[in-house]
Amino acid sequence: MPILNPDIARAFDEIADLLEIDNANPFRVRAYRNAARLIQGMSTDLHTMVEAGDDLKELPGIGEDLAGKIVEMVTTGHCSFLEKLEKQTPPALTELLKVPGLGPKRVKALWHELNVETVEHLARAAREGRIRGIPGFGEKSEARILETLQAHLAAIPRFPIAIAAPYVAALVRYLQGVPGVHRVVVAGSFRRGKDTVGDLDVLATATADSLVMTRFTTYGDVSAVLSQGPTRATVILRNKLQVDLRTVDTSAYGAALHYFTGSKTHNIAIRRLGQGIGLKVNEYGLFRGKERVAGETEESVYAAVGLPYIEPELRENRGEIEAARAGRLPKLVERVDLRGDLHSHSSATDGHHSLREMAAAAQAAGLEYLAITEHSRHLTIAHGLDPVRLRRQMEEIDALNGELQGITLLKGVEVDILEDGSLDLPDTLLSDLDLVVGAVHSQFDLPSDRQTARILRAMDSPCFTILAHPSGRLLSSRKPMNVDMSRIIRHARERGCFLEINAQPERLDLVDTHIRTAKEEGVLLAVNSDAHSTQGFAHLPFGIQQARRGWLEKQEVLNTRSLAELKPLLAATMVK
DNA sequence: ACTAGGTATAGTTACAGATGTCAATCTGT
């Protein structure tokens, strides 16, 4: 039963939450948070490192104590310190921290004053009007809690795709190792590259005597088996992810893969096409009467209904079938098309590595250029740069570029868009950069007209190249801003600036439907890692997948261009 | 709890702005 990095990261985050509610030393809390963040971003498995006898203390931010806790988790599967904390502080309290407006102090007050230990308790207390009586709370707090909980409780838990991915990879590896198994593939929304996945649909082909079903339900990471039959089983993993496994005949592999990849509306449209020419389409194949005419491969399924192969990311019944019939399917952008990255941070602000280390990591990720875009001064939590520090970094980058071979650093900034739409640094400074990435980091809940006007005004600044994470959403914690995104997209076209597809697991922002709008408006998009460490470039594939869901081709992604082609495009957005 | 530098202990991305309550807590990467 492998303990994966996200498990350890989650344990450390939970320890940090519980310590914080306990009013512990803030630096101690931060040590756990930093470790969680480090581990979440690592590309090497900690359990592999432990097995290999590596010294975990060499990881930045991991000392003797945390190294010991990691070893304990990897070898025993649990963390005794966390269990001890959970005995003295109800673990469900950490869920309450996710409610907007509730932090450690107020959660502790709710717990002590009202015995509120769970989200359900909180909802009941709010409904009964008991919250307003606690010192520090009032009617507004109570109403806000009630409002967010109603939305919260109705939501089905979904996983950001990049968070689910390592669990998926581990499960697939395990199943592939079962004797008699030929093929294992993950279908469903995971294969379509949706930003979040609800449950996983895994498909396998195997010999008739293979024990794949039994081995699946006894996988070490399984916490509950919901159903188990000869060709289908459903389990819940310890991380609460639901997984369905289906075994199919090799002859029906393509039909099953197509069927279980979906989307449902895409399948319905394909089935209707089949019906029109006398074919029955289901997960077992394509049939004319009793005769199977296709189904071994997905290509054969599409061919039988007169279509070319349609990439999974397009299968949302958003015009892909019409495009396929007309021979106008996009040739989707791929990860290897990326030549650079236009959004990253170094240890000068809230990143973890030096400029030189970031450059080397970008180069190792196959990139030719990397824009360093630190936060600006307004974002004090991220140690944002003021004009003096930014000037100094610009000189550093110039000097470093003199030494670097095969990778070029671009001088940029991720400047805060202030509430009135002005930028957090003066134009005289911004105009000396290669590019200016603008972003909203505060005041996410302005009314739509003001929020939209704010962003439009920012784009109109003399120096404005890319609007970063345009919707501002965080998948598991923050709704997108209230903005007129179509207007922002049209404005980008008129202004001649670009929008970002931010590849961070929690962001994947711009969202797919708006990417499609941007494409139709002729606005170029940049697929950016927003890397805060050398590991951050590993998220780029998820950004690419998001771009593909928005139908983007190579030339519609800004940073597929060579540096020579890119530079004039960036310069055109800047008044010099 | 980590790191550095020293074999103990100090210093640790740090603070403005908003909210909503009446002093303090939460948010932001």
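Around DNA strand B there are 45 residues, and those that come nearest are N25, G61, G101, G103 and G138. The model described here is predicted.

**The surface near the DNA strand**

The residues of the surface near DNA strand B divide into 15 nonpolar, 15 polar and 15 charged. On the side of the strand, 60% of the atoms within 4 Å of the protein belong to sugar or phosphate, and the rest belong to bases.

Three polar pairs between protein and strand are listed in the table.

| Residue | Part of the residue | Atom of DNA strand B | Distance |
|---|---|---|---|
| R30 | N or O atom in the side chain | base nitrogen | 3.3 Å |
| L66 | polar backbone atom | phosphate oxygen | 2.9 Å |
| E419 | N or O atom in the side chain | phosphate oxygen | 3.3 Å |

Four elements give two or more residues to the surface near DNA strand B: α2 (26–41), α4 (64–76), α7 (104–114) and α9 (139–154). The largest share comes from α2, with six residues. R30, whose side chain approaches a base nitrogen at 3.3 Å, has a number that falls within α2 (26–41). Likewise L66, which places a polar backbone atom 2.9 Å from a phosphate oxygen, falls within α4 (64–76).

**The annotated motif**

An unreviewed UniProt entry places the feature "domain: Helix-hairpin-helix DNA-binding motif class" at residues 54–73, 94–113 and 129–148. In the model, residues 54–73 are 50% helix and 0% strand, and the end C-alpha atoms of this span lie 15 Å apart. For residues 129–148 the values are again 50% helix and 0% strand, with 15 Å between the end C-alpha atoms. Among the residues that come nearest to DNA strand B, G61 has a number within the annotated span 54–73, G101 and G103 within 94–113, and G138 within 129–148.

**Domains of chain A**

Chain A is divided into domain 1 (5–154), domain 2 (159–247), domain 3 (252–325) and domain 4 (335–572). By these bounds, R30 and L66 belong to domain 1 and E419 belongs to domain 4.

Taken over C-alpha atoms, the centres of domain 3 and domain 4 are separated by 39 Å. Eight residues from domain 3 and seven residues from domain 4 take part in the contact. The two domains bury about 710 Å² between them, and 46% of this area is on carbon and sulfur atoms. On the side of domain 3, E313, L314 and R318 supply 77% of the area buried against domain 4, more than any other three residues.

Terms used. Residues are numbered from 1 along each chain as its sequence is written. Chains are lettered from A and ligands numbered from 1 in the order in which they are written. This is a predicted model: local features need pLDDT of at least 70, side-chain atom pairs count only at pLDDT 80 or more; totals for chains, interfaces and linings use all residues. Side-chain values use heavy atoms; hydrogens and water are left out. A residue is near a molecule or strand if one of its heavy atoms lies within 4 Å of it. A polar contact is a pair of N or O atoms within 3.5 Å; within protein, one must be able to donate a hydrogen and the other to accept it, and residues adjacent in sequence count only if both atoms are side-chain atoms. Ala, Val, Leu, Ile, Met, Phe, Trp, Tyr, Cys and Pro count as nonpolar, Asp, Glu, Lys and Arg as charged, and the others, Gly among them, as polar. UniProt positions are given in the numbering used here, feature names are shortened, and annotations may be inferred rather than shown by experiment. Domain bounds come from an automatic or database domain assignment. Contact means heavy atoms within 4.5 Å. Buried area is the accessible area (1.4 Å probe) that two parts lose on being put together, summed over both.
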